[in-house]
Structure formats: C-alpha cells, structure tokens
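Colleague: I have just opened this file and would like to understand it. Could you go through it with me, beginning with any term I shall need?

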Amino acid sequence: MPAYATNMRLKFPILALTLEIITIILFAVFVVYDDGKHGGHGAHNNATHHEEKAQDPLTLYPMFQDVHVMIFVGFGFLMTFLKRYGFSSVGLNLLLAAFALQWGLLMQGLWHLDDGKIKVSVFKMINADFSTATVLISFGAVLGKTSPVQLLIMTILEITIFGINEHLVAEILGANDVGASMIIHAFGAYFGLAVARMLYRPALRNSHENDGSVYHSDLFAMIGTVFLWMFWPSFNSAIAAPGTDQLMAVTNTYFSLAACVLSAYATSSLVEHKGKLDMVHIQNATLAGGVAVGTCADMDIGPFGAMIIGFVAGIVSTLGFKFLTPILASNLGIQDTCGVHNLHGMPGILGGIAGIVAVALGKKDGSAAMQGAALASSLGFALVGGAITGLIMKLPFWGQPPDQNCFDDSIYWEVPEEEEGEESLAHGDQKAEA
Amino acid sequence: MPAYATNMRLKFPILALTLEIITIILFAVFVVYDDGKHGGHGAHNNATHHEEKAQDPLTLYPMFQDVHVMIFVGFGFLMTFLKRYGFSSVGLNLLLAAFALQWGLLMQGLWHLDDGKIKVSVFKMINADFSTATVLISFGAVLGKTSPVQLLIMTILEITIFGINEHLVAEILGANDVGASMIIHAFGAYFGLAVARMLYRPALRNSHENDGSVYHSDLFAMIGTVFLWMFWPSFNSAIAAPGTDQLMAVTNTYFSLAACVLSAYATSSLVEHKGKLDMVHIQNATLAGGVAVGTCADMDIGPFGAMIIGFVAGIVSTLGFKFLTPILASNLGIQDTCGVHNLHGMPGILGGIAGIVAVALGKKDGSAAMQGAALASSLGFALVGGAITGLIMKLPFWGQPPDQNCFDDSIYWEVPEEEEGEESLAHGDQKAEA
Amino acid sequence: MPAYATNMRLKFPILALTLEIITIILFAVFVVYDDGKHGGHGAHNNATHHEEKAQDPLTLYPMFQDVHVMIFVGFGFLMTFLKRYGFSSVGLNLLLAAFALQWGLLMQGLWHLDDGKIKVSVFKMINADFSTATVLISFGAVLGKTSPVQLLIMTILEITIFGINEHLVAEILGANDVGASMIIHAFGAYFGLAVARMLYRPALRNSHENDGSVYHSDLFAMIGTVFLWMFWPSFNSAIAAPGTDQLMAVTNTYFSLAACVLSAYATSSLVEHKGKLDMVHIQNATLAGGVAVGTCADMDIGPFGAMIIGFVAGIVSTLGFKFLTPILASNLGIQDTCGVHNLHGMPGILGGIAGIVAVALGKKDGSAAMQGAALASSLGFALVGGAITGLIMKLPFWGQPPDQNCFDDSIYWEVPEEEEGEESLAHGDQKAEA
C-alpha cells in the first residue's frame, strides 16, 4: 500500500529540473544541427532513401507540424473527457511530451550516431514526436491514477525501451511499420496496460464519482478526436519514402479512417441502449482505422483494402469498449482509464497482422516472418518493460494519489473557486452545499 | 405527420453498414492510386493544367489539410453553438463528412474515368472534401430537426446531384468558380433551405427552449469560426492553377475576409440593442467574405476589389441574420437553424454575380453568359433537388425527432448525467428538480 | 475620470466602417499582387535573399498558415481564461487582428515601395500577421478594461509606430531579430504596459470578482497555449533565410520551448502552495522559451544553447507571474491583466540580450552594438508610443467601461441568458437570484 505523500513541492521540481539539466548536458555533447552531409538514419530503413531525395531541409515541415498537432492537441484534448481532470489531461500531456521529445531524440539518435553526433533534421524531429506518442498512449491507461513524478519516471523508462525495440524492429529485423501500428500503438498500449496492472487499485472497482464526463468535457475531448482524425494521414506517411509511397500512405489512411467512422457509429448504435450513440466510442473508435492501417499504409493494398482494415477496426474497437474493457477491469485487474486497449492495443495488433498478410501477398518488399517477429518483439518489450516500469512506479514515495483523489485535478493543480461571495455557483462539477 | 419511431437500434446501423459495404465494393471496382500517368480531370477545367505542373504528388497536401480542418473542425464546431446539440453538431458532422468524402470521390470521379478507373490524388481528395461541404451547409439548415438516418439519405442524394451540377458547370459550361461560391455555397444553402421547407414544423414557430446558446457553447462555436476564417484562403485557392493564379486566390481571400470582419462587426453593433455585438453575427457573417469572393478569387480584381466584395458580404450577411431569417421562418415556412441563407446563400449568389461582372470586365478568360448560366444551374439543381430530397426525407420511417425533442442530443446520444449522488449539479442547461 | 457612455451604437460602427473604407481606398492606390519581378523588401534584411530563392510563390504558405493560427486561435483563445470575457477575448482578437493585418501591410509596405506600389506576397502577408501580434500583446495588458473603440485607436497608433521602429531596427541599424523578440514581443509588451499605466484604475486594486477563471475557461485558454506552443517554430523561422538558417530557427525554437516547459512546470510547483501547479503559469510561462529564443533563432548557438535560453525564460516568466505582477499593480499602477510583462516583456528583453551576446560571440554576422541599439530603440518607441497612445485612449468619449463592468462581456456583447423559464440554471458564473 503506497504512502500518499502527494505534496509535490520538492519532489516534482527537483526531478523536473534535474532531468532537464541532464538533458541539456547530453544535448551539448551529442546534438548538432543537421548539415545535410550525411546519409541519414531515421527510425526506419527507408530513411536514407528519404533524406537523400529531399533537397530543402524543410520539405517535411508541414507534415511534422501535423504530427505535432496530433501529439499536443490531439492526445492532450482527447483525454479531457473526464469532468475534473482536464487540467491534468492537457497539461501533463504537454509536460510529458515536451520532455519525451527531448529524451526520444537522444534515445533514438544514440543508435545512429553520425561522426559521434546526432544531427537534428525535421525527419528526426518527427521521430522524436513519434516516440512521445508511446508515452501518451500509456498515459491514457493510467490517467487519473498517477502523479506527475510517476509519469516522468514512466516517460524515461518507456522511451528508452521504445528506442531499443524500435531499433530492433526497423534496423535488425528490417520490418515495415511506416505508420507504427506495432512499434508505437501496440507497444504504447500494452506497456500502459502492464503498468496499469501493476498499479491496480481494488478500491476503484466500483465506479469513482469523478471517473466520468460532463457535457462540455465531452466536447473538449472531441477537439482532440477530430484533430487526430484529420492529421492521421500525416502520421502514417510522414516518414514514408517520398513520392508514390507517401501518396499511398496518405490515401490509404484517409480512406481507412473514413470507413472506420461508419462502422464505429453503426456498432455504437447497435450495442447501446435504444440505439443511441455513445461519446466514448465516437471519441475513440473512429480513430482505430488510423492505427490499424499503420503498418500497411505504404503498401499496395488498394484503397478498398485500406477501407476493409478501417471498417474492421471500427467494429473491433467499439466492441472492445463495450464488452472487453469492463472484463479487463473486473477479471484481470487492468483498469484502463481511456480504453487504450481498444484504440491502440487491438487495432495495433490488427495492423501488425494486416502487415504480415500484406507482405506475404507481396504488397511490399519484406519478409512476413520478420513482420511477425516485429509484432512479437513490440508486444514482448511492452509487456515486460511495462511490468518492470509499473513496479518501479509503485514505490511508495512518488506521490501517487490516494483512491478518493483519483481523477481529480485539485490534488496537483490550483483549481479555480467556482464560488463568488457566498453564492454557490455550480459549474457542472461542484458539490452542492448542504 | 411523421411517426416518431426514433429508436435507431436497427435502422441506423443497417443503413450505415450497408452504405459502407456498397462503397467499399464500388471502390474495389473503380478506385486505384494515382500513378501520375494521366492528364488528370478534377472538378474544374484548370485541373489538367494544374496536375501536369505538380511534380511531387504531395505538393497540394498542406492545402488539402487546411481544407480538411475546415470541413471537420470548422463546420463541426461552428454548429456547436446550440446549448444541447453539441454532440450531434460535431459528431454527425464527422459521420456525414466521412461518408460524403467517399461518396463524393465516386460521384465526381465517375464523370472523369481514366482507363475505367478513378485515380486518387491529393487533388481528388480535395475535391472529395469539397463535395462534403455542400452536405454540411445543408445540414446547418436542418440542424436539430433531423435524424442520422435522414441525414445519411440527404448525403447520398445531395452529393449525387452536386456531382451532376458540378460537371455541368465546370465541364459543359466551362464556367469559373474556383472558390465555389456557386457550386458549393449557393448550391448547399438553397438545397438545405428547400429541404427545410419540406420538413417545415409549425410547432417550432415559437422559439424552442433548446434553440439557443449558452456562454460556453458560443465559445466552442468560435473554434469553428476561427478555423474556417483562417483557412478559407486555402479553400479558395486549393484547386487554382499553380503560381500567380493561386497566389491571387490566396491574397484576394485573405483581404476579403479581413474587410468582411470590420463590416460585419460594425453592422452587428448598428442593428443590435444598445450597439452590442451579437455572437450569431460574429460567428457567421465574418465568414461571408470568404464565400462571396470565391468565384472571383483567382481573377485579377485587385486586392481592393476583393475587399469591396468582402465588405459588402459582411453587411449583407449580418442584415440577413437580423431581418431576413425571421421573415423566412414566419412567412415562408423556412426554418433555417444556422442561418445558412445568410452565410452561404446570399453571399454565394453575390459571389456568382461578382464573377459575372468580373468576367464581363475581362478579369479572367470566360463568358459572362456562361457564368450566369452556372449560377442559374446551381440554384435550379439545388432548389429542385432539395425539394425532392426533402420529400423523401419526410417519409415517416426515418426516425425524425418529435418537435419537443428537437435541438436535443439526448434523443440520439447517451448524454452524461450531470448529477452525482442525489445532488443536482447544474451545467448551464439542466432542468432544476422540483 | 472618464465618462461612461458605453453605448457603442454609433461610435463603434462609424469608426469601424470609416477605417475600413479608408483602408480600401489606400489599397486601391497602393496595393497590387506580387508579380515576382522585384528583389523584394520584407521586414528584415534577409528578405531579398529569401524571395529571390523562392520559386513557387506559395513556398512559405504553410508557415504563413501556422503563424495565422497563432494570431487568431493562439492569441484569441489564450485570453479566454477570464470567466466572463471569452466573447471579447476571441472576438475582439479577431476584430483587431483583421484590421491590424490590413493596416500593418500598409504601414510596413509604405517604407518599401516598389514602383510606387506595395506588392503583396505570402512573405508580406506573414509580416502583416506579425505586425498584428504587437497589438494583440498590448491587448493582453489592457484586457477587460477597454472598449472596442479604444482598442481600434490603439491598433492604428501601435501599428504605425511599430512600422517606424521595425524599419529603423531592420533597415537602418541592420540588426538581427528573426523571431522578433525585440521588435514584436518586447515592443508589444512595453507598449501595452505604458497604455495600462495611463489607464490605471485605482478601484481595481482589490481583486475584481470577474478577474479570474472558471474550470472550463481555463481549458479554453489551453487551446490557445498549445497552438501557440506548437507553431512557434514557424513564427521564429518564417522569414529566416531558406535552407540551413531556417532549419536552425525551427530546431532552436523547438528545443527552447521543450526545455521551457520543464522549467516552467518545476518553478510553478516550487512557488505554489503545497507544490501545486498553477494554470496561469502553465498557460503562459511555457511559451516564454519561444519569445526568448526569437532573436537568436537563426544563429548558430547550438540546440543546447537554445535550450538554456528556454530553460531560463521558463523560470523568469513564472517568477514574474508569481512575484512581479502583483508589485507592478500595487506599487507602479500597472495593471497587466494577462501578465504580458512575464510572457512577452522580460523574455523579449532576455531574447534581445541573448542576441547581443550571440552576435558578440560571432554566432551570426552583425554588430553587438547595433543589436543593443535595436533593443533600446524597441523599448523606447514602445514606452513613449504607448504612453502617448494611452493618453489619447483616456479621452472621455471612447466608451471605456466603468470599473464595475470590467472583465464582463455583457457590456459590449449580447450574452445568452442562462435561464430557461423561471428556473435559474447556473453556468459557473451566474448571479443567484435572491
């Protein structure tokens, strides 16, 4: 049973400042501007091909900014659906991503030193942003139940492990995963679920009063959903080989997502009371098509092939929210706040499997066995890494919130008083006075 | 009098799944990736010119993403101004647009087959997004008064008719309409108004308690307004001929919108009680400059010419909201929820007329008569097509909401309880108990 | 003591319409489309270099749109943190920016006529957007305490003075300020503070009931924060020389902002009660790294150099909010609503000093003395210009709000009733009846 010393006054600032100072020192030693005088090694084996072709160093910049929006607005606002946890959702998302992108650049770059240096290009900045996505996915699994200190620790460990798996998958196995269904989505989800399992809170088995939305918090979350949905084609194509491959990645993702919306809405209505739509499904399952088409995005599967993937993903994801999440929580002790298993976990595996099939069918050069190994590696690193990380996070001095303060900003944030004078002014969230 | 069987449990899922499966089959038959080996036929007669020049198949991608943001964030959030209809506004906007872009790609592409195939390029994706705009404009006219099933039916029919008119205007008449004042804005508005006329609800003549905004719903709507406003230069220039024409389209739209803001604010203050500004005007009439300059956007009308168009549009649109919308509702039975007549209808006609004048003055190659014919065609197809569509939508088994449940998400959505325990927690919208 | 004739019915519309008509006439005389047939003179001495290289006139368009989003969404929503001033924040931001970009294009362009004309390119549109930023920064200082008429007057004067200082700094002194730490951020902040000093309201020394946030208004503000944060690399690099310089500006800003987030969060926790985070700091101080790295952005300071600047800026800015803002208000009579001194003022000076040091160290061609003169000039023009402007704004017929109506939309806006029937429905802000 952890101690609930949730006063962050020294722990958090000292950790954050120390991490940043160490990071700056490592940058001083290792990181220089890209001078364009190298072959380039990015996250994927098509990186060389890519960077050589690009003349203007800012060719990829618009795509980078789309990915940037997904990371900071998309993930950040998607998690604001909770009625009293919006500050933490968008605020800690910013904190974790800002640190993760620095740490990710180091952890990915150290595998590919060029004259002993990491040469920062827009391509590397995209990959740095990508690495943050794993952390933000895992954050979704433990949302509301962890302190900023715990989350920074998770960030360090997860990004480091991600860097190893990513190197293994892309460089050693030579697997295709342009949209990162396996190395980001499945990895981030199962890492987070393993952490959540370690941090299991029996007292939260019965629903917590703050573990739900209010009307406007659901609208804030839709800001995140829609920005993720729109820019997903950029996510899946940003590091594709320029030209036809990149266009294919854009096109496949665009249509997969469109088909996914229809199947997610239909399934939501089918499984809900009186055929009503459920915001949780709409906010999340409509995005599963982007996850699931990731590995295949730059493969010649045809627009209709992408649509089938998206269509299936929308159904699987919605059914997962409706039927699987409650079972995971009650039977396996995995309390998945945002349902990342449904948005990133299962669709990520679906994407990995689709990739195996597509490569086996010759839709892209590669080996189906290596694709399978890449999926297994991503899941293995995620589960083992997440479990170890969860154990470390469980140590009783990281300021973890007590059960009754879960899903509540006010434990780590100054929250505005909703009262003026002696009048009680409700804001959809405030306890009525007597 | 329609029956009010609003339980969507079977109707909606079956329709959505069936439509998506049919669409996937049609994609399997007709749609392939663009291989760059064709002249290209887009929505407009400058398409060939355009695609030939573009080397990188993703040259237009940033503009596509701007348009994408307008469709999904812009239109979606603009309609969240209603206090209890935000889920439907942004959620059904996503549903309709996701289906419409697939259907639009087919309906536009079938007129321009290339070796029997539709070759998807970014250019075609922009046009697919464009075609969704017509539906979303019409959605604004009937917002709050229609079921998801009715709206999907409207989408199929409207896009199909749009495809015919668009082919006629661009290919047969050879008219200029780069920013689509006529073929999207005027068409979408009058189509929607014709539908609204068919679905006239006498009981809503007196204002409905949910047909209004609350403070924060008006702020959500401003997210839509501002994203539409900012990216409108991309909308009007995305399919312009690259180079000078495209720059002109960007510049004209930028300045037209800027001038429109000043005149809309001034007019709003002039016509309102004590000179106060009205959020309805600010959210909508500030955008009329983008609509009205559409047809002329790539014409050599000079920045000041564009500003005059925007200036007039801002005044016309604001006056329309203040004086014309109530008359349409009370005298003509046209209940236009979002006032699309003022934002898209009149400014669209203004844009069409400006185009006739500009072509007559030699600001662009073309025939003033053909411009006039294009405007007439767009209005004619819209009114007749909308009326027929409205009649079909009126059939009594599409789950249309009863009058008292109009403008209320809870009829088609699970809406979060605003109560915790036995305390009533107000959220700016909730009925007080007792 | 000013008269409180806040009825805007004639004053505001007449002023807005007159300004727009004058502007259109000036555009008719001076402004033409860019024909590509000139060397180009932008805001900075690298402009010529820049425009010559750019072939496609829309090369800079994606960066322009990023800046556009910062101006209209970023600044607009950042200021929505006030509980009852969201309409004004995002609405008047749109009004002022829409007028300022037109006026800015004229005021900057008149210094660089080409055959007697201002030739509008995307580069000039970026500079026009830039000039609006000064006004929006100053708007933050006087937010809630000024009428739309006063603000339009401030816009005219501030942009005009900005144009003079910008010409002096960039063309006469030849100083570097690619990200405009000095000529936009420091200038805008001290201009606004000087205005605020002139408009000092003793009655507001004790906190005003509306001068604070509610839960959801803080979330709206985070929309502004995150969009500013993400696109700041575009702001600082948009007018840099293409190629390596521009990449450097992007990279430096990206890492400066990331480091700034960590130090701002740490400092916020360190200075707040029980180590909690304060939304005011998170919304603002996380951006100080973008301001402070502005002048040095395209200099060869190394990514770690940029991070040090951002790290320091995050600390300085947070400390400023905590300790300096209250002192300025109570001791100097400077009531800085948004704390622009902490976000733009001090970080802007920090940026100017960093630029002096960097140039002295040879990180960029230039003269440290000229950099110092540029900083002094920006501060001088700001303080003197702001004081004069403030005096003019104080004249008693511009409709300034009385003290008790400060920070309240309802004085200039129709605000929706939160009541339905006779039930009082609270919205987090509403006065209880009886």
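Modeller: Certainly. The expected span of a helix is 1.5 Å times one less than its number of residues. Please keep in mind that this model is predicted.

Colleague: Fine. How far apart are the end C-alpha atoms of helix α12 of chain A?

Modeller: They are only 39 Å apart. Helix α12 of chain A covers residues 302-332, which is 31 residues, and a straight helix would reach 45 Å.

Colleague: Where is the kink in α12(A) centred?

Modeller: The kink is centred on F321(A) and amounts to about 45°.

Colleague: And what follows α12(A)?

Modeller: G333(A) follows α12(A), and the phi of G333(A) is positive, near 70°.

Colleague: Let us change topic. How many cavities of 30 Å³ or more does the structure hold?

Modeller: There are 12 of them. The largest cavity has a volume of about 240 Å³.

Colleague: Which residues lie nearest the centre of the largest cavity?

Modeller: D66(A), D66(B), D66(C), F231(B) and F231(C) do, out of a lining of 19 residues. By character, the lining residues divide into 13 nonpolar, 3 polar and 3 charged.

Colleague: Which helix gives the most to that lining?

Modeller: α3(A) does, with 5 residues. At least two residues each come from α3 (61-78) and α8 (215-237) of chain A, and likewise from α3 (61-78) and α8 (215-237) of chain B and of chain C.

Colleague: Now the chains. What turn lays chain C on chain B?

Modeller: A turn of 120° does, with a shift of 0.0 Å along the axis and an RMSD of 0.0 Å. That is the relation of a three-fold axis. The copies use different surfaces, since 14% of the contact residues of chain C recur in chain B.

Colleague: And what turn lays chain C on chain A?

Modeller: The turn is 120°, again with a shift of 0.0 Å along the axis and an RMSD of 0.0 Å. Here too the copies use different surfaces: 15% of the contact residues of chain C recur in chain A.

How values were computed: Residues numbered from 1 in each chain as written. Chains lettered and ligands numbered in written order. Predicted model: local features only at pLDDT ≥ 70, side-chain atom pairs only at ≥ 80, totals over all residues. Heavy atoms only, no water. Least-squares fit on C-alpha atoms with pLDDT ≥ 70 in both. Contact = heavy atoms within 4.5 Å. 1 Å grid on protein atoms, 1.4 Å probe; cavity = no way out; pocket = protein on both sides within 12 Å on 5 of 7 lines; lining within 4 Å. Points joined across faces, edges and corners; volume = space filled by probe spheres on them. Helix = DSSP H or I, 4+ residues; strand = E, 2+ residues; numbered from the N terminus. Nonpolar A, V, L, I, M, F, W, Y, C, P; charged D, E, K, R; others polar. Bend = angle between axes of the 7 residues up to and from the residue.
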